[in-house]
Amino acid sequence: MNFFIICSLLVTNLWAQSNLRPAQKKFQSEVIEKTISRISDKMKDNKLKYTFINSFPNTLDTTVTNYDPNTPDAFIITGDITAMWLRDSTNQLWTYMEFVNQDSKLQNLVKGAITRQINQVLIDPYANAFNYQKKQSEWSSDNTTRCFLGVNVHAMSEHLHERKFEIDSLVAVLRLSVGYYKETNDTSIINFKYLKAVQRILRTFRDQQADQTEQFQTYRFPYTFQRSGRSTDTVINGIGEPLKRTGLLRTFFRASDDSTIYQFNIPENAMASAILKQIAEMLSDAKLSWSLRQAAQPLIQEALALSSEIKDAIYKYGIKDGAFVYEVDGMGKQVFMDDSNQPSLLSLPIYGFIEIDDPLYQATRKKALSSANPYYFVGTAAKGIGGPHIGANYIWPMAIVTQGLTTNDKSEIRECLRMLVTTTGGKWFMHESFFKDNPTSFTRSWFAWANGLFGELVLKIDKEYPELLQENYA
């Protein structure tokens, strides 16, 4: 009898330790709760079950810090940093996009985030992260400028948490609205302010096609950035290594918030090309008023032209030895690597830039998941892609999820799932990164984007290989 009592207490204690969702949740969705119950009931492995139950709703549970359903308006923090990243907030909410038509409250939340992002772009299209209210941030002393009446002036403001220019930040804004429209056909997000933000994004992208020589000739530098500290947090001379106009867009920072080596980053440009085409298709398809249609038409044409121009340049400058490279300068210099954050070379099919079974993508994928990539690490706990943001031997769960999302191979998906649920360090959440030989050594215990991505992988598995949810993962 005592044996059974002890076992019962151990099971109860394990459940208490593993159910780490807050009692007071920031936002609740009935359809998400039902989905958690439906899918977790299929799971035999407790590691998988507990990680899914905690991770999948993490954005809703913990990061919706300010939500006004009447405006609508939503401020979504990234997790342990209480600022709203354009890229992160889009990806955090993307996890739930397929459910917005089943829950009006959830739909309104996404709509509110779109409203917030549009306002943020209009504040400063070169910023990547914003404060909820005006205040000084830890990066207020960054030396970053904008061009005003031909003169470069200090550009950090109290609206901004950080001002690192990354192409994917602006593309993420477009992607969230495209995804929302595809699910809802709700055209109310498309108003004159929205179109003004799209115009600002397109103009910013055109400005960042210019090389430094052109900028010196016109004395016009739309953006410069320097920061004291580690090299991956600053930009050489504020404007980066020399490059030559190619049709590609310059990005000063990657999706990891690390500075680029060469500013023509291929994954960032590929994502831009794909989503610019999708935003043009959305604006063409939407039933708009006459005045909105007239305002949208030149933006549609510009988005399509820019999308095509970028794609052509990627295929001209961004391929070597039968695979995409990571960054180029347009003058012959290239670097092959892949980074754990999205967009990455590994993630290209996710945005619709290329099909998974395309031989060029498969060659690139094989190379990224090998020693040809200096940030691919193999350890006793797992193998996967990391990056310079944390450094050598630290694998990012986000990259393992991306690997699982970009394959149709059941055995590869199973192995990705196994690595993910056995490397939480007993915390039942995804982390930013973990040491390849010891997952209890990890960074960032609260990283909502990674948690949501894990949920996306489980949703994919539930649709395509539900039998994998019933297996045990040692």
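In the predicted model, helix α7 passes helix α10 in a left-handed crossing. The two elements, α7 spanning residues 167–184 and α10 spanning residues 266–285, have axes that come within 9 Å and cross at roughly 35 degrees. From α7, the contact draws on I167, D168, V171, A172, L174, R175, S177, V178, Y181 and K182, and from α10 it draws on E268, N269, M271, A272, I275, L276, Q278, I279, M282 and D285. When the residues of this contact are divided by character, twelve are nonpolar, three are polar and five are charged. Residues three or four places apart in an α-helix point the same way, because such a helix has 3.6 residues a turn.

A second pairing of helices involves α5 (residues 86–94) and α6 (residues 104–123), whose axes come within 11 Å and cross at roughly 165 degrees. With angles over 145 degrees counted as roughly antiparallel, α5 and α6 are therefore roughly antiparallel to each other, and their crossing is left-handed. On the α5 side the contact involves L86, S89, T90 and L93, which meet L109, V110, A113, Q117 and Q120 in α6. The residues of the contact of α5 with α6 comprise five nonpolar, four polar and no charged. Helix α5 is itself mostly covered, in that eight of its nine residues are buried; these are L86, R87, D88, S89, T90, N91, Q92 and L93.

Within helix α6, where Q117 is placed, this glutamine is buried, with a relative accessible area of 1%. Apart from neighbours within four places in sequence, Q117 is in contact with M84, L86, S89, T90, A172, V173 and L176. Among these partners, L86, S89 and T90 belong to the α5 residues that meet α6, while A172 is one of the α7 residues listed in the contact with α10.

The strands were examined next. Strand β1 (residues 64–68) pairs with β2 in the antiparallel sense over four bridges, and a hairpin of four residues joins β1 to β2. The register of this pairing is given by two residue pairs, in which N66 stands opposite F75 in β2 and Y67 has A74 of β2 as its bridge partner. Along β2 (residues 73–76), D73 and F75 point one way from the strand, whereas A74 and I76 point the other way, and all of them are buried. The residues opposite N66 and Y67 thus lie on opposing faces of β2, F75 pointing one way and A74 the other.

Three further strands form an open sheet in the order β3-β4-β7, with antiparallel pairing. Its edges are taken by β3 (84–85) and β7 (160–162), each of which pairs on one side only. Between β3 and strand β4 (residues 129–130), which run antiparallel, there are two bridges, and W85 stands opposite A129 in β4.

Another open sheet of three strands is ordered β6-β5-β8, and here too the pairing is antiparallel. Because β6 (151–154) and β8 (224–226) stand at the edges with a single partner strand each, one side of each is left without a neighbour in the sheet. Neighbouring strands of this sheet are turned against each other by 30 degrees on average, with direction ignored. Strand β5 (residues 143–148) and β8 are joined over three bridges in the antiparallel sense, and T144 has F225 of β8 as its bridge partner.

Finally, the loop between β6 and β7 holds E158, a residue that is partly exposed, with a relative accessible area of 33%. The C-alpha atoms of E158 and N131 are separated by 7.6 Å, although the two residues are 27 residues apart along the chain. Leaving aside neighbours within four places in sequence, E158 is in contact with N131, Q133, K134, K135 and Q136.

Technical notes. Residues numbered from 1 in each chain as written. Predicted model: local features only at pLDDT ≥ 70, side-chain atom pairs only at ≥ 80, totals over all residues. Heavy atoms only, no water. Axes fitted to C-alpha atoms, helices over the stretch in contact; angles between N-to-C directions. Left-handed = near helix turned anticlockwise from the far one by under 90°. Contact = heavy atoms within 4.5 Å. Nonpolar A, V, L, I, M, F, W, Y, C, P; charged D, E, K, R; others polar. Buried < 20%, exposed > 50% of the residue type's maximum accessible area, 1.4 Å probe, protein only. Pairing = 2+ DSSP bridges. Parallel < 35°, antiparallel > 145°, perpendicular 65-115°, else oblique.
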